[in-house]
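Work through the following exercises with the coordinates open, and try each task before reading the solution beneath it.

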Amino acid sequence: MALTKPILFEATAFDVQDGYTFRYNVISGEQPTGATIYIFNNISGSLVYQYSVTSFRFEITIPSNSGLVNGVYYSAYITTKNAGGDESPQSNTIQFYCYTNPTWVFTNVSTGSIVEGSTFAPEISYQQIEDEPLMSYIINLYDTEQIQIATSGTKYTSSTTGSFIGSYTFGGFEDATSYYVKAIGQTLGGTILETEMILFTIRYVSPETYSQFIVTNNCDGGYITYTSNVVLIDGKSNPSPPTYIDNELVDLKQEDSWVVWDDGFQVSDNYTLKAWIKNPNIGRPLIKLTNPNGEFVEVYIYTDPNDEDKVFVELLVDNGKYVINTLPDSINKPTSTDELCIQIRCIDNIYQILMEGYE
Amino acid sequence: MIGLLGYNFLLDGNSLDPSPTTIKNVDEVKISNAEFDELELTKDVLSPFTTDMPTEWTNDSIMQATFQGNLVAGNVLATLDTLTSIRIKRREFGTFNWLTIREVMVNTVEDIIFTFVDVTNKYNTDYEYAWVPVLNGAEGEYTIVGVHSIFRGTFIADMDSIYKFRAGVAYGQSQQVQQVGVFSPLNKKYPIYITNGALNYQTGSLSGTILGNYENTHILNRQEMVAQKDALLQFLVNKKAKIIKDDNGNIWMVCIIDNPTISYNPNWGNNMMNVNVSYSEVGDIDNEDDRRNVGFVPTI
């Protein structure tokens, strides 16, 4: 009885750093005691890798230092051998890609996230540096029993690059209830991608009074949800530490002295900013709000050119296209003991600046 | 000059107003060139303008800096420099001892915003939860909130999942296990019982009917029930310690012993299934060491 032609199964794309296990099958014939895989560059046809194993298992695992290169299209076949060293006929030839492992993560939800709303669209990001496209993905929603309660179904991407952002909107979330979400993707080369199960909690009924922590009993679910509402924002300053006046005010009148907060918050919607100040440096920037694009809103106080005893406040909105000055009425020049309250209000694309002095 | 574009009529008071524009996603605030008493950034755009300073953090607050010897603009005095982790502790109202039920390592400001599910709560019990800042093992000030724990049904849970038995719930015979040795001396009529072992724990079994999503849909969906059965079996054999609790006030911290079994009811086309598990206590739910030993105090 001789060795028969082995059947080499299709291989999915894999990262050469991970190695890969090729599987095959043999029907009838003599018992193989090992196999050799021959891997060729599918473009040039040159043999780039050859690897033999001695095993009764119908598989060949190539190691991570095989010399294969990510981003290259390969073909391969195997032969088996028996205890006497006889070699079988070549198997069928398969083709496969090697690709660097892509990143596959949710961008708008992470373990412990709080989602405000009865609907939510988890967003999944796929990035692959050799431009292997994502073929399809599924986003599944689970309850706290980790039993699937909703699914996006299979979404085909028609993507042609190694970058893709996908999402699916789930509705009907209950307030103060926790859920899990998970995304499963498949690349064009057949690689299966899975995120971890990401736990998040829905909260769309805000308590009337603010609490740094919200602890909610879920009677039906049999658990208690603990949500941390703590906001940690610490400023940086020059000089550091800055000069405090009676532990009540911070003195930033000196040239090049400032305080900046740039971590722990983001203003994504309309807002009001108020500052209570004393002894402003006339004609110098007092408050500056900046976004990641470098666009900014800045506040100045100037002496009224028509009346030296009066000052006015100016708001500069600079997004690279427009520079807008809002000039409300002047007020009496504050004395050294007077305090000024300045308010910037942004509603959609309209800005309002107000200032009032008081003793 | 948007008046020329018909935005409003020429010559009215606002015809020379500049075009509307906006700066989105502000993530940096810088102040300089004055003495600053207080700074507030809020989502509230409806309140009328006043010179009154804010007195407390609200649901709309984004930043509040008071400059009382620090530059903190959040709602706690802690900063990343003064935090290595956050401990969440719990105790029954009226008792003294706190149990650490979660520890969260803090490396970035995002780490401090989190939510988790506590499945180790007992029926009809008042709890206090404490948020405790920790710097290199030293605990800071406790901030405490209370909650009343109540639920309906019988649950089996681990740190990641909680499953509710909704029908056919039954406990099997339970045992309180102790270790008793018997010494039979040759010259005595009665044996000597030796009870110097400390073993003292319960074993038992629990069974219940799988109903799928019947509680919400009031439909017995066979595919859902099979999927739920498969998920439940994987949950039961995942080698993690479990909590079994009910609305009679029972609560046990257990591990699943023996093989979970499924029995099918032929009168319902085999779609009604009862699952049965045997369990053995592995610790006291109110003992922190026991909870740590079985992984019920995770650090994330």
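A polar contact is a pair of N or O atoms within 3.5 Å, where, within protein, one atom must be able to donate a hydrogen and the other to accept it. The model to which this rule is applied here is a predicted one.

**Exercise 1.** Locate Thr120(B), decide whether it is buried or exposed, and identify the polar contacts of its side chain.

Solution. Begin with the position in the chain: Thr120(B) lies in the loop that links strand S6 (115-118) to strand S7 (125-135) of chain B. Next consider accessibility, where the cut-off for buried is under 20% relative accessible area; because Thr120(B) has a value of 1%, it is classed as buried. Then apply the polar-contact rule, which pairs the side chain of Thr120(B) with the side chain of Arg90(B) at 2.9 Å, and also with the side chain of Asp118(B) at 2.6 Å. Finally, list the surroundings beyond four places in sequence, which include Tyr127(B), Ile243(B), Ile285(B) and Phe296(B).

**Exercise 2.** Determine which residues of chain A are in contact with Met63(B), and how Met63(B) is placed within chain B.

Solution. Met63(B) belongs to strand S3 (residues 61-65) of chain B. Its relative accessible area is 0%, so Met63(B) counts as buried. Setting aside neighbours within four places in sequence, the contacts of Met63(B) in chain A are Ile233(A), Trp261(A) and Phe265(A), while those in chain B include Val29(B), Leu39(B) and Trp57(B). As a check on backbone distance, the C-alpha atoms of Met63(B) and Lys43(B), which are 20 residues apart along the chain, are separated by 9.9 Å.

**Exercise 3.** Describe the interface of chain A and chain B, proceeding from its totals to its individual pairs.

Solution. First count residues: 106 of chain A are in contact with 93 of chain B. The two chains bury about 9000 Å² between them, with 58% of it on carbon and sulfur atoms. Of the area that chain A buries against chain B, 9% comes from Tyr226(A), Leu232(A) and Trp261(A), more than from any other three residues.

Turn next to specific interactions, where the rule finds 1 salt bridge across the interface, formed by the side chains of Lys164(B) and Asp220(A) at 2.9 Å, N to O. There are also 40 residue pairs in polar contact across the interface.

Last, examine strand pairing: strand S23 (residues 258-261) of chain A and strand S1 (residues 28-32) of chain B run antiparallel and are joined by 4 bridges, and within S1(B) the bridge partner of Val259(A) is Ile31(B).

Technical notes. Residues numbered from 1 in each chain as written. Chains lettered and ligands numbered in written order. Predicted model: local features only at pLDDT ≥ 70, side-chain atom pairs only at ≥ 80, totals over all residues. Heavy atoms only, no water. Contact = heavy atoms within 4.5 Å. Buried area = accessible area lost by both parts, 1.4 Å probe. Salt bridge = Lys/Arg side-chain N within 4 Å of Asp/Glu carboxyl O. Pairing = 2+ DSSP bridges. Helix = DSSP H or I, 4+ residues; strand = E, 2+ residues; numbered from the N terminus. Buried < 20%, exposed > 50% of the residue type's maximum accessible area, 1.4 Å probe, protein only.
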